[in-house]
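Let's take a friendly walk through a protein model, one topic at a time. Have the picture ready to turn as you read.

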Amino acid sequence: MESTEKLTDTNAILAYLYETFPLCFIAEGETKPLKIGLFQDLAERLADDSKVSKTQLRIALRRYTSSWRYLKGVKAGAQRIDLDGNPCGELEQEHIDHAQATLKESQDRAKAKRAEKAAKSEGQAPKAAKKPVKKNPPKRKPAAPKAQAKPVNLTPAVLNELKPNQRVNVKLGKAPVKGVILDIKKDDVQVQLDSGLTVKVRVEHILL
């Protein structure tokens with residue numbers, strides 16, 4: 001039975017590399033550029049190590065070399081190193097340019113995400129503040145039912161007594177409605193009600 005457990009978490013594998021190759025993988029502070037083809041050296045050194053697989057090593061190595069602190073260390077005058085920390089030559093300019101471009105792109109993405117998160121937080125704040133206002137709106141007292149005005153001494157109109165612009169009451173439904181005569185043609189009387197509606201009724205529907 002094996003005495004060691006397989007490492008699957010990338011952070012745990014990185015911690016293992018920091019411990020096993022401290023001159024190559026630097027846990028804190030400024031890092032140094034790694035030798036080209038270092039993965040092959042790493043896979044050979046750990047071929048008999050049951051803790052890590054090649055796949056997990058590749059993922060951990062990619063995480064390490066894409067970190068901001070590693071990309072910042074890829075600069076002019078820096079020396080690449082092998083697993084034992086030995087210098088393996090200076091960096092080429094194209095590698096430095098690529099690292100700086102990758103760093104800027106990563107930082108811009110992080111900045112955009114922070115700005116988007118801040119904007120969402122600010123946008124939600126006013127909505128939360130409005131909720132208490134809607135919670136307990138002031139209760140309005142129910143309006144008292146309007147007493148229906150009862151016609152007092154209204155009598156049917158006589159046609160020859162009616163004239164335009166005269167105030168009259170029109171018998172519509174249960175209660176008379178007030179209005180003004182617009183026109184009179186034979187027995188038909190055109191009246192504009194106070195509501196704005198214009199109706200044409202027979203003279204027997206006019207009350208005075």
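## Two buried rings

Phe 25 and Tyr 64 are both buried. Keep in mind as you look that this is a predicted model. How are the rings of Phe 25 and Tyr 64 arranged? Their centres are 5.2 Å apart and their planes meet at 75 degrees, so the pair counts as edge-to-face; the cut-off for that label is an angle over 60 degrees.

Now see where the two residues sit along the chain. Phe 25 belongs to the loop between α1 (10-20) and α2 (38-45), while Tyr 64 is in helix α3 (residues 54-65), so this pair ties together parts that are 39 residues apart in sequence.

## More aromatic company

In total, the structure holds four aromatic pairs. Ring pairs link Tyr 18, Phe 21, Phe 25, Tyr 64 and Tyr 70 into a cluster.

Another ring has a charged partner. The charged end of Arg 58 sits over the ring of Phe 39, 4.1 Å from its centre. You can also use Arg 58 to find Thr 10: the C-alpha atoms of these two residues are separated by 9.8 Å, although they are 48 residues apart along the chain. Thr 10 has its place in helix α1, and with a relative accessible area of 11% Thr 10 is buried, because buried means under 20%.

## The whole chain

How many helices and strands does the chain have? There are five helices and seven strands, and reading along the sequence gives the pattern α-α-α-α-β-β-α-β-β-β-β-β. Of the 208 residues of the chain, 26% count as buried.

One buried residue to look for is Gly 73, which has 2% relative accessibility. Gly 73 lies in helix α4. Its C-alpha atom is 9.9 Å from that of Gly 29, and the two glycines are 44 residues apart along the chain.

## A pocket to explore

Rolling a probe the size of a water molecule over the atoms shows where empty space is left. In this model, the largest pocket has a volume of about 450 Å³. Its lining is made up of 21 residues, and those nearest the centre are Leu 34, Lys 35, Thr 65, Tyr 70 and Arg 80. Two or more lining residues come from each of α2, α3, α4 (68-73) and α5 (93-135).

What classes of residue make up this lining? Eleven are nonpolar, six are polar and four are charged.

## Strands side by side

Strands of a sheet pair through backbone hydrogen bonds, either parallel or antiparallel. Here, five strands form an open sheet in the order β6-β5-β4-β3-β7, and their pairing is antiparallel. At the edges are β6 (198-202) and β7 (206-207), each of which pairs on one side only. Within the sheet, strand β3 (residues 167-172) is joined to strand β4 (residues 175-185) by six bridges. To spot this pairing, find Arg 167, which stands opposite Val 180 in β4.

Strand β1 (residues 79-81) and strand β2 (residues 87-90) also pair in the antiparallel sense, over two bridges. The bridge partner of Gln 79 in β2 is Glu 90. The hairpin of β1 and β2 has five residues between the strands, and Gly 85 in this hairpin takes a positive phi near 85 degrees.

Technical notes:
Residues are numbered from 1 along each chain as its sequence is written. This is a predicted model: local features need pLDDT of at least 70, side-chain atom pairs count only at pLDDT 80 or more; totals for chains, interfaces and linings use all residues. Side-chain values use heavy atoms; hydrogens and water are left out. Rings of Phe, Tyr and Trp (its six-membered ring) pair if their centres lie within 6.5 Å; planes under 30 degrees apart count as stacked, over 60 as edge-to-face and the rest as tilted. Helices (H or I, at least four residues) and strands (E, at least two) are DSSP runs, numbered from the N terminus. Buried means under 20% relative accessible area, exposed over 50%, partly exposed in between (1.4 Å probe, protein chains only). A charge sits over a ring if NZ of Lys or CZ of Arg is within 6 Å of the ring centre and within 35 degrees of the ring normal. On a 1 Å grid over the protein atoms alone, a cavity is a set of points where a 1.4 Å probe fits but cannot get out, and a pocket is an open set with protein on both sides within 12 Å along at least five of seven lines; lining residues have an atom within 4 Å of a point. Grid points are joined across faces, edges and corners, and a volume is the space filled by probe spheres set on the points. Ala, Val, Leu, Ile, Met, Phe, Trp, Tyr, Cys and Pro count as nonpolar, Asp, Glu, Lys and Arg as charged, and the others, Gly among them, as polar. Two strands pair if DSSP finds at least two bridges between them.
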